[in-house]
Amino acid sequence: MNTKLVAPSLLAADFGNLQRDVEMVNQSDADWHHLDIMDGVFVPNISYGMPVIKAIAQHATKPLDVHLMIIDPDRYIKTFADLGANYLTVHYEACNHLHRTLQAIKSEGMKAGVALNPHTSVSLLEDTIQDIDLVCMMSVNPGFGGQSFIENTYQKVSDLKNLIERKNSKALIEIDGGVNATNAKKLVNTGADVLVAGSFVFKSQDPTETIKNLKEQIA
Ligand SMILES: O=C(CO)[C@H](O)[C@H](O)COP(=O)(O)O
């Protein structure tokens, strides 16, 4: 894949102006909307619930990339399929039967993603990488926007790229957490296909321009 994607994380949007921010992403150079769903159990934070998720899905015109930071994600696969999610990502650490969960996501017509926490080795995907459409590499400990990028991520991206090539997988590599203009190019050069950026976009003076610059930088 040559096109590198930017997916603004709505976690860092201004929730008082959520509709404005969703529309800004619709009209920007961003490729996807990234929704971070947190349950207060798998991660120490709760993001937003179903009424807000539904409203976002209704207004969003770009593909929906949904990242479930929740325990027992199988309970919500159908719900997100009905909402129109294109990619549904579950955490490796939250799945007892990851292979079954991936099949269930795909049988609902969505692409199946797996997220890895910073402490989780890429090698654990050795037996599932051919069934995975996207690996979300957490470059911060999940739970909050605005954290600092963990430098060890570069090594993990490189390990993952090797695994994907060795196993002939088509999985995309997505990076989530602390992405900004300083690390974006190096991440893409190391093998990243999709960059999720929250604070760097929504806390900037001109989010539309920031997305445009980020896209240009990684083109
Ligand atoms: O959800 C997250 C952590 O759980 C991410 O950090 C979020 O998607 C991106 O935010 P930021 O760019 O501010 O790190």
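Reader: Which residue lies in the loop between β3 and α3 and has a positive phi although it is not a glycine?

Author: Happy to start there, keeping in mind that this is a predicted model. Most residues other than glycine have a negative phi. In the loop between β3 and α3, one residue has a phi of about 50 degrees without being a glycine. That residue is Asp72.

Reader: And is Asp72 buried, exposed or partly exposed?

Author: A residue is buried with 20 or more other C-beta atoms within 10 Å, and exposed with 12 or fewer. Asp72 has 15 such atoms within 10 Å, so Asp72 is partly exposed.

Reader: What about Asn168, in the loop between α5 and β7: buried or exposed?

Author: Asn168 also is not a glycine and has a positive phi, about 60 degrees. Its C-beta neighbours inside 10 Å number 8. The cut-off for exposed is 12 or fewer, so Asn168 counts as exposed.

Reader: Why is strand β4 largely enclosed by the rest of the structure?

Author: Let's look at both of its sides. Tyr87, Thr89 and His91 point one way, while Leu88 and Val90 point the other way, and all are buried. Strand β4 is largely enclosed because the count of its buried residues is 5 of the 5.

Reader: Which residue of β5 is the bridge partner of Thr89?

Author: β4 has parallel pairing with β3 through 3 bridges, and Val66 is partnered there with Leu88. With β5, residues 111-116, β4 pairs in the parallel sense over 5 bridges. In β5, the partner of Thr89 is Gly113.

Reader: Through which helix does the chain cross from β4 to β5?

Author: β3, helix α3 and β4 make a right-handed β-α-β unit. The crossover from β4 to β5 is right-handed as well, and its helix, residues 98-107, is α4.

Conventions:
Residues numbered from 1 in each chain as written. Predicted model: local features only at pLDDT ≥ 70, side-chain atom pairs only at ≥ 80, totals over all residues. Helix = DSSP H or I, 4+ residues; strand = E, 2+ residues; numbered from the N terminus. Pairing = 2+ DSSP bridges. Right-handed = clockwise from strand over helix to strand, strands pointing away.
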